[in-house]
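Ready to look at a protein together with its nucleic acid strands? Have the picture open, and we will work through it one question at a time.

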Protein chains: 2
Amino acid sequence: MNSGERRRQFSGRGGERIPTVYVDGSCKNNGRDGAKAGCGVFWGPNNPLNVSERVSGRQTNQTAELRAAHKAIEQAKSLNMDKLIIETDSKFVIQGVTKWMDNWKQNGWKTASGRDVVNRSDFEKIDQASRGMDIQWKYVPGHQGIKGNEEADRLATEGSRK
Amino acid sequence: MNSGERRRQFSGRGGERIPTVYVDGSCKNNGRDGAKAGCGVFWGPNNPLNVSERVSGRQTNQTAELRAAHKAIEQAKSLNMDKLIIETDSKFVIQGVTKWMDNWKQNGWKTASGRDVVNRSDFEKIDQASRGMDIQWKYVPGHQGIKGNEEADRLATEGSRK
RNA sequence: UGACACCCAGUCAA
DNA sequence: TTGACTGGGTGTCA
């Protein structure tokens, strides 16, 4: 890995390096019978931390995206990281965690139309895992050829085949 | 058009044929700045009566739905129809015309909470146009793949872009 | 509180 | 192209 590549994985001003991870979910036959969900976590080329796993439980694209983010946070915690930048193409995950969850905790996890928040337990797990960590959520558009996202996508798709 | 198709556009018992029309409204950016409303009227495949128009005045989904119904009635009158079945996915329109309007006429067009009925003039136009006609209002669920409704929806969406 | 629409956004797929 | 996963919002009424 040359220094150019390293710079892509760490950012911050004034020499501070904040580790960056790309996460993505995949779900073959999403919304149909026999759907298969997988999650991908990409820390860098050939990084042994990289994850490509089949997701358990609910087999939907949203579950897959949420599970990928949760996995990355758990890994960061086990490495004693206290700051982390998570890049994902899911605005659902980002807004859920950074904007909607505060309200959900206060209103008993009800949607704007009065229904239950479907992925509540996954959001709660992410919330729990995030305690004590400084996490910055960053949106990356999908399928735009952005390296980290493409790699995470590949890992997720592989994971869904297991 | 085979007899199966014809049967879809005309109904009634004992050989009586009542023309059926599907109406729908659309409103891009409903409730936001720059909203654009359109209405669609579907009489049948490639029927020259079909309407796809931009709606004038108030740019809301309800105005669009009401305007579509009004248009269909005006068309029916100009063809000297005395009976008509109107299919719409708007319970607001159906209940407004068939249940609430009687009361509104008696109470000075006041809502249950004492406010003015917002779409009063559109309801009044429909009421006026309906004089002397036997109109049956029928609810069709939206986006359920029901042909007539889908076509009216498409026409309405097109209309909103003009 | 309920109901039916009309949208906005991003994914995941076939 | 069409469909599912999910959220936020307005339009309107009872």
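**Two strands, two chains**

Q: How many nonpolar, polar and charged residues does the surface near RNA strand C have?
A: A residue is near a strand if one of its heavy atoms lies within 4 Å of it. Ala, Val, Leu, Ile, Met, Phe, Trp, Tyr, Cys and Pro count as nonpolar, Asp, Glu, Lys and Arg as charged, and the others, Gly among them, as polar. By these classes, the surface near RNA strand C has six nonpolar, 17 polar and 14 charged residues.

Q: What kind of model is this?
A: Residues are numbered from 1 along each chain as its sequence is written, while chains are lettered from A and ligands numbered from 1 in the order of writing. Side-chain values use heavy atoms, without hydrogens and water; local features need pLDDT of at least 70, side-chain atom pairs count only at pLDDT 80 or more, and totals for chains, interfaces and linings use all residues, since this is a predicted model.

Q: Which part of RNA strand C supplies 93% of its atoms within 4 Å of the protein?
A: There are 37 residues around RNA strand C, with A:Ser26, A:Glu65, B:Glu65, B:Asp89 and B:His143 the closest. Bases make up the rest of the strand atoms within 4 Å of the protein; the 93% belong to sugar or phosphate.

Q: Which elements give two or more residues to the surface near RNA strand C?
A: Start with some polar contacts, pairs of N or O atoms within 3.5 Å (within protein, one atom must be able to donate a hydrogen and the other to accept it, and residues adjacent in sequence count only if both atoms are side-chain atoms). A polar side-chain atom of B:Asn30 is 3.1 Å from a base oxygen of the RNA, and a polar backbone atom of B:Gly142 is 2.8 Å from a phosphate oxygen. Helices (H or I, at least four residues) and strands (E, at least two) are DSSP runs, numbered from the N terminus. In both chain A and chain B, the elements giving two or more residues are strand E2 (18-28) and H2.

Q: Which residues are the closest to DNA strand D?
A: In all, 32 residues surround this strand. Of its atoms within 4 Å of the protein, 83% are sugar and phosphate. The closest residues are A:Arg58, A:Thr60, B:Arg58, B:Thr60 and B:Gln62.

Q: What in DNA strand D lies 2.8 Å from a polar side-chain atom of A:Gln62?
A: Compare a few contacts to the DNA. A polar side-chain atom of B:Asn119 lies 3.1 Å from a phosphate oxygen, and one of A:Asn61 lies 3.4 Å from a sugar or linking oxygen. For A:Gln62, the partner at 2.8 Å is a base oxygen.

Q: Is A:Cys27 buried or exposed?
A: A disulfide is a pair of cysteine sulfur atoms within 2.5 Å, and the structure holds zero of them over all chains. The nearest cysteine sulfur to A:Cys27 is that of A:Cys39, 12 Å away. Buried means under 20% relative accessible area, exposed over 50%, and partly exposed in between (1.4 Å probe, protein chains only). Because its relative accessibility is 13%, A:Cys27 counts as buried.

Q: How far does H2(A) reach from its first C-alpha to its last?
A: The expected span of a helix is 1.5 Å times one less than its number of residues. H2(A) has 18 residues, and its reach is close to the expected 26 Å. Its buried residues include A:Ala64, A:Leu66 and A:Ile73. From first C-alpha to last, H2(A) reaches 26 Å.

Q: Which elements do the buried residues of H5(A) pack against?
A: Helix H5 of chain A covers residues 147-159. Among its buried residues are A:Ala152, A:Leu155 and A:Ala156. These buried residues pack against E2, strand E3 (36-42) and strand E4 (51-54) of chain A.

Q: Why does B:Ile146 count as partly exposed?
A: B:Ile146 sits in the loop between strand E6 (134-139) and helix H5 (147-159) of chain B. Beyond neighbours within four places in sequence, B:Ile146 is in contact (heavy atoms within 4.5 Å) with B:Tyr22, B:Val140 and B:Pro141. B:Ile146 counts as partly exposed because its relative accessibility is 29%.
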